[in-house]
Amino acid sequence: MILTFLDLLLPLRCAGCRAPGTAWCPRCDLSFGTPFPLHRAAFTHRHPPTYATAAHTGPPRRAVIAAKERNRRDLHPVLARALANAVPRIPDLPPAPTLVPVPSRPAAARRRGGPHMARIAALAARSLGLDTAHPLRLTPGARDSVGLTPAERADNLARHLTADAIPDAPVVLVDDVVTTGATAAACARVLGRCVVAVVACTAAV
């Protein structure tokens with residue numbers, strides 16, 4: 001294998017297992033499988049049905065953290081492919097849904113060079129031949145959801161999440177991580193006020 005000078009300075013390693021020479025190795029790629037329903041009983045909110053492509057552990061979790069917090073844009077196609085594989089397997093999915101990314105906080109988007117989920121959703125939609133829309137926004141002042149209780153997350157989103165109407169089509173929300181389900185529920189609720197039907201949410205982990 002021929003190494004470039006940059007490779008010697010900053011060796012490329014798999015985000016999942018640290019194997020050298022690749023951003024994401026075939027073995028770690030197998031960790032993204034058929035989406036499974038999350039344990040809805042643990043959710044404060046029950047709508048919409050929410051699925052993940054993998055458990056929030058191991059290589060998938062590390063890939064999401066690297067893409068989200070370390071600006072590893074080379075992992076965006078990995079997460080997009082996982083979501084694209086998941087969407088057609090959502091039970092009772094209406095034809096030709098529109099993919100709507102969950103928005104990032106403005107400060108976080110600036111730090112990452114733009115909204116990462118918008119890029120990932122666009123890649124996933126392109127591979128599926130679907131449309132994307134971006135009606136959701138978090139206004140300045142929204143808190144990072146990390147460390148917040150479900151009730152605090154719901155209150156944070158209720159005060160800072162807004163939406164615009166979009167052309168009539170069923171919507172699948174796409175996100176990187178789902179924990180309590182509060183974000184998916186809040187997005188569905190806000191879009192519902194614009195008479196937008198959210199049929200499911202799918203996340204990488």
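No disulfide is counted in this predicted model, where a disulfide is taken as a pair of cysteine sulfur atoms within 2.5 Å. C17 takes part in no such pair, its nearest cysteine sulfur being that of C25 at 3.6 Å. C25 likewise belongs to no disulfide, and the nearest cysteine sulfur to that residue is the one of C28, 3.6 Å away. With a relative accessible area of 8%, C25 is buried, whereas C17, at 26% relative accessibility, counts as partly exposed; buried denotes under 20% relative accessible area, exposed over 50%, and partly exposed the range in between, with a 1.4 Å probe and protein chains only.

Because the model is predicted, local features require pLDDT of at least 70 and side-chain atom pairs count only at pLDDT 80 or more, while totals for chains, interfaces and linings use all residues. Residues are numbered from 1 along each chain as its sequence is written, and side-chain values use heavy atoms, with hydrogens and water left out.

The largest nonpolar core (buried Ala, Val, Leu, Ile, Met, Phe, Trp, Tyr and Cys residues joined through side-chain atoms within 4.5 Å) comprises 33 residues, and those with the most contacts inside it are W24, F32, L75, L79 and L99. Two or more residues are given to this core by each of α3 (58-69), α4 (76-86), α6 (116-128) and β6 (171-175), these being DSSP runs numbered from the N terminus, with helices (H or I) of at least four residues and strands (E) of at least two. The largest contribution, six residues, comes from α4. Apart from this core lies another, of 21 residues, which includes L136, L161, A186 and V196.
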